[in-house]
Amino acid sequence: MTSPAETTIQTVTGPITSAELGRTLMHEHLAIGYPGWEAATDEPFDRAEAVRVCVDHVESLKDLGYSSMIDPCPNDLGRDIELMVAVAEATGFNIICASGLYKEHEGGHAHWAFRSRFEDVSAVMTDLFVAELTDGIGSTGVRPGIIKVGTGLNDLTSHEAAVFAAAASAASATGTPITTHTEDGTLGDRQQAVLTEAGVDAHRIVIGHSCGSTDLDYHLRIANGGSYLGFDRFGIPSVSDDERAASLARLVSAGAGDRIVVSHDSVWCWKGNPWPVALRGRIAEQFVPTRFDTEIIPKLTELGVTDEAIHRLTHDNPRNYFEGAPLPGL
Ligand SMILES: [Zn+2]
């Protein structure tokens, strides 16, 4: 597919052109903290150590030929802009951060529930997202390059509906693309419908964690609707990587190879580490952002996916998504 036009993409260290994006992972996290993480005062967040851990991961990605990643941590999940800037400056890597809010169940719902007693919170959220996208986040001057929204398992709550409406308004006002969280491969088609009915072009949406489902019909509904599917949880055992790779290969065979993006949803550092101490070593081994290259590409090759189709997943598709190239029906 030819790109309509080179476009500007905001990274945490300033704008780049879409031609500079290069090989890109679409969903990894330098750090997250579940709302309430501040309670873990016995384990204060050590940002210097976090920078060291994140720089190591980024260097391993650079060794594999990557030059860019999205950290779609929403506003209410411990998003740490200073950490992202420090790591980007230390490595020269393009890190794209997000505006937006997380799903109700694991996001900062309490704040918005309080505010909703007095005013239209969706309008407040819209103003917040637009301010971040145009003027920068807080006093950092850093502008997000993407908007994050999410839903829980089989349920789009009224809070999440307010977030989706605000994200759609902010996307339309600023021309920013959207990426989503789906829970266990549910509601991606519903997310697509809600956002497109609110005026967002389908091809400006990544339905994240689509690989949480192995249902080809579900995948094809999203693909036919003209959005990108995130196969972005390689290494997370809710679905095996063999099943994820097989689903990805089926979609490529069905002609949807131009609308799949890949990643791991790996989390490199935790604020208020919620894992039991005995599990942390195993979690750190599981959450690495290099698995697609070391383990998944060989599986895809075995399944008959061509090198060209594999190249498209990390290179052409992220660029087309940011450039806003329309995706035709299959
Ligand atoms: Zn994530």
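Does cysteine 97 count as buried or exposed, and at what relative accessibility? At 0% relative accessibility, cysteine 97 counts as buried, where buried means under 20% relative accessible area, exposed means over 50% and partly exposed lies in between, computed with a 1.4 Å probe on protein chains only. The legends below describe a predicted model, in which local features need pLDDT of at least 70 and side-chain atom pairs count only at pLDDT 80 or more, whereas totals for chains, interfaces and linings use all residues. Residues are numbered from 1 along each chain as its sequence is written, and side-chain values use heavy atoms, with hydrogens and water left out.

**View 1. Two buried cysteines, 73 and 97, whose sulfurs are too far apart for a bond.**
A disulfide is a covalent bond between the sulfur atoms of two cysteines, and here a disulfide is counted when a pair of cysteine sulfur atoms lies within 2.5 Å. A search of the whole structure finds zero disulfides. For cysteine 73 the closest cysteine sulfur is that of cysteine 97, and because 9.5 Å separates the two sulfurs, they are too far apart for a bond. Cysteine 73 is buried, with a relative accessible area of 0%.

**View 2. The zinc ion and its protein donors, His27, His29 and Asp265.**
The donor atoms are NE2 of His27, NE2 of His29 and OD of Asp265, and they lie 2.1 to 2.2 Å from the zinc ion. Donors are N, O and S atoms within 2.8 Å of the metal (3.2 Å for Na, K and Ca), and as water is not among the atoms, sites may look incomplete. Along the sequence, the spacing of the donor residues is H-x1-H-x235-D. Histidine 27 and aspartate 265 link distant parts of the chain, 238 residues apart: histidine 27 is in the loop between β3 (23-25) and β4 (29-32), and aspartate 265 is in the loop between β11 (260-262) and β12 (267-270). Helices (H or I, at least four residues) and strands (E, at least two) are DSSP runs, numbered from the N terminus. Histidine 27 is buried, with a relative accessible area of 2%, and aspartate 265 is buried too, with a relative accessible area of 6%.

**View 3. Strand β7 between its partners β6 and β8.**
Five of the five residues of β7 are buried, so this strand is largely enclosed by the rest of the structure. Ile146, Lys148 and Gly150 point one way from β7, while Ile147 and Val149 point the other way. Two strands pair if DSSP finds at least two bridges between them. Strand β6 (residues 94-100) runs parallel to β7 and is joined to it by three bridges, with isoleucine 146 as the bridge partner of alanine 98. Strand β7 (residues 146-150) is joined to β8 by four bridges, and these strands also run parallel. Valine 149 has threonine 180 as its bridge partner in β8, and glycine 150 stands opposite histidine 181.

**View 4. Parallel strands β8 and β9, with the helical connections that lead into each of them.**
Both faces of strand β8 (residues 178-181) are covered, with Ile178 and Thr180 buried on one side and Thr179 and His181 buried on the other. β7, helix α5 (residues 158-174) and β8 make a right-handed β-α-β unit. A crossover is right-handed if, with the strands pointing away from the viewer, the path from the first strand over the helix to the second runs clockwise. Two bridges join β8 to strand β9 (residues 205-207), and threonine 179 has valine 206 as its bridge partner in β9. Between β8 and β9 the chain passes through helix α6 (residues 188-197), in a β-α-β crossover that is right-handed.

**View 5. Strand β10, covered on both faces.**
In β10 (residues 228-231), Tyr228 and Gly230 are buried on one side, and Leu229 and Phe231 are buried on the other. Two bridges join β9 to β10, which run parallel, and isoleucine 207 stands opposite leucine 229. The chain crosses from β9 to β10 through helix α7 (residues 216-224), and this β-α-β crossover is right-handed. β10 also pairs with β11 in the parallel sense, over three bridges.

**View 6. Helix α1 and the elements that cover its buried residues.**
Helix α1 (residues 47-63) has 17 residues, and because each should add 1.5 Å, a span of 24 Å is expected, which agrees with the 24 Å between its end C-alpha atoms; the expected span is 1.5 Å times one less than the number of residues. Its buried residues are Ala50, Val53, Cys54, Val55, His57, Val58 and Leu61. What covers them includes β3, β4, β5 (66-71), α2 (81-91) and β12.

Terms used:
Contact means heavy atoms within 4.5 Å.
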